[in-house]
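Please open the model in a viewer and keep the selection tool at hand. The stops below are meant to be visited in order.

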Amino acid sequence: MYHKAYGIIETLAPLHVGASAGEETGNLNLIFRDQFTLTGIIPGSSIRGRFRADMRNRNWKGANLWYGHEADADEEQQAQTKENESNQDRTTEAIVKFEYASLVWLPVYCPNQPIVWVSCPRLLNRYQKLSGLPKAEFKPYSYYIKGSLSMKTLFFSLGFLNLQEKDPNLKNYIPASLEDLNCEKNIVLVVNDTDMAIIHEMALFRQSRVALEPTKKTAKKGAFFDVEALPQGTVLTFPLALKPTAENHQPWEKFTEAAGFSSSKEMYFGGLESIGFGRTHVTLNPYPKAN
């Protein structure tokens with residue numbers, strides 16, 4: 001029986017996980033997207049790689065235990081494991097399993113707010129399943145903010161959106177300890193699944209990047225391109241599972257200790273970290289036990 005848990009990722013800077021320069025036929029480096037809502041995701045392989053690298057810097061033996069032993073171990077590991085050479089040429093199954101991270105709330109610029117956090121029923125239903133929250137019905141164009149609104153119309157770049165009923169249950173779907181999203185002063189809004197993709201396109205952070213020739217102010221060949229990223233304040237969620245072993249019947253406590261998670265920590269995901277992308281705040285939570 002796997003021990004289930006879930007993570008919350010809040011972006012503290014624009015987050016680009018997708019194509020890098022030269023991998024696209026055009027000059028726009030796209031992020032990875034979910035095939036149904038067409039919204040940004042972080043693949044499970046990217047999350048696993050970041051967690052594994054973070055643990056390996058402190059304790060590579062622990063990384064091999066939790067993430068599996070690689071057949072092609074590096075020279076340092078091979079030199080330090082001569083006493084166990086029989087294990088060097090075989091792979092082992094990872095104890096911890098990761099899935100992709102999907103959006104929960106996406107910040108969108110709105111001139112009369114000025115920021116609204118938007119989601120849709122499909123994304124909120126996934127968060128509900130991962131977090132163990134009670135099932136709920138998410139009605140399109142319902143919203144929540146603690147106070148009252150003087151206006152019931154929001155203006156986005158592509159047009160107006162009329163708010164429907166206020167849904168107090170939405171506050172339960174705002175993860176705790178977020179830096180940017182605060183239901184005391186921010187609006188959270190649910191839209192149709194079919195509307196989420198176009199709102200997502202409006203919200204993305206985009207930046208042009210160029211490398212200049214060393215002797216003149218012109219772009220190097222192939223060195224002018226645009227990059228898109230999830231904006232600061234985006235909230236995502238992902239599931240993880242830990243496989244109990246004969247030596248480890250309660251893997252959750254030992255894994256969080258080995259991973260350095262007393263409660264939460266800052267981690268970097270994706271590319272362009274050296275120029276201000278990828279910083280996030282990550283929280284891990286065990287799946288609530290059934291009563």
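Against which elements do the buried residues of α5 pack? This tour of a predicted model begins with that helix. Select α5, residues 193-203. Within α5, the buried residues are M196, A197, I199, H200 and A203. Displaying their surroundings brings up β4, β5, α4 (121-131) and β10 (205-212), the elements against which the buried residues of α5 pack.

Remain on α5 and select D195, which belongs to this helix. With a relative accessibility of 24%, D195 counts as partly exposed, because the buried class requires a value under 20%. Then add T37 to the selection: the C-alpha atoms of D195 and T37 are 8.9 Å apart in space, although 158 residues separate the two in sequence.

**The whole chain**

Zoom out to view the chain in full. The chain has 291 residues, and 45% of them are buried. Its secondary structure comprises six helices and 14 strands. Of the contacts in the chain with a separation of 6 or more, 69% are between residues 24 or more positions apart.

**Strands β4 and β5**

Next, select strand β4, residues 102-109. Seven of its eight residues are buried, so the strand is largely enclosed by the rest of the structure. Two neighbouring strands deserve display beside β4. One is β12 (residues 235-242), which pairs with β4 in the antiparallel sense over three bridges. To find a point of pairing, select W105, whose bridge partner in β12 is V235.

The other is β5, which runs antiparallel to β4 and is joined to it by four bridges. Here Y109 stands opposite I115 of β5. Follow the backbone from β4 to β5 to trace a hairpin through five residues.

**Strand β9**

From β5 (residues 115-119), move to β9; the two strands run parallel and are joined by four bridges. Select V116 and I187 together, since these residues illustrate the pairing: I187 in β9 is the bridge partner of V116. Then show β6 (residues 143-144), which is antiparallel to β9 and joined to it by two bridges. In this case Y144 has V188 of β9 as its bridge partner.

Are the faces of β9 covered or open? In a regular strand, side chains alternate between the two faces of the sheet. Colour I187 and L189 for one side of β9 (residues 187-190), and V188 and V190 for the other. All four residues are buried, and both faces of the strand are covered.

**The helix pair α1 and α2**

Turn now to helices α1 and α2. Their axes are 6 Å apart, and the two helices pack at an angle of about 145°. On the α1 side, select R48, F51, R52, M55, R56 and R58; on the α2 side, select W60, G62, A63, N64, W66 and Y67. Sorted by class, the contact of α1 with α2 contains six nonpolar, two polar and four charged residues.

**The aromatic rings**

How many aromatic pairs are counted in this model? The count is twelve. Select F51 and F261 for a stacked example, with ring centres 5.6 Å apart and planes at 5° to each other. F51 belongs to helix α1 (residues 44-58) and F261 to the loop between α6 (251-259) and β13 (264-268), so this pair ties together parts that lie 210 residues apart in sequence. F51 is buried at 3% relative accessibility, and F261 is buried with a relative accessible area of 5%.

A further stacked pair is formed by Y67 and F98, at 6.3 Å centre to centre and 5° between the planes. Y67 lies in helix α2 (residues 60-67) and F98 in strand β3 (residues 96-98), so that distant parts of the chain, 31 residues apart, are linked. Both residues of this pair, Y67 and F98, are buried. To see these rings in their wider setting, select F51, W66, Y67, F98, F238, F255 and F261, which ring pairs link into a cluster.

**Charges over rings**

Keep F261 selected and add K265, whose charged end sits over the ring of F261, 5.3 Å from its centre. As the last stop, select K4 and Y287: K4 lies over the face of Y287, at 4.5 Å from the ring centre.

Methods. Residues numbered from 1 in each chain as written. Predicted model: local features only at pLDDT ≥ 70, side-chain atom pairs only at ≥ 80, totals over all residues. Heavy atoms only, no water. Phe/Tyr/Trp six-rings, centres within 6.5 Å; stacked < 30°, edge-to-face > 60°. Buried < 20%, exposed > 50% of the residue type's maximum accessible area, 1.4 Å probe, protein only. Lys NZ or Arg CZ within 6 Å of the ring centre and 35° of its normal. Axes fitted to C-alpha atoms, helices over the stretch in contact; angles between N-to-C directions. Contact = heavy atoms within 4.5 Å. Nonpolar A, V, L, I, M, F, W, Y, C, P; charged D, E, K, R; others polar. Pairing = 2+ DSSP bridges.
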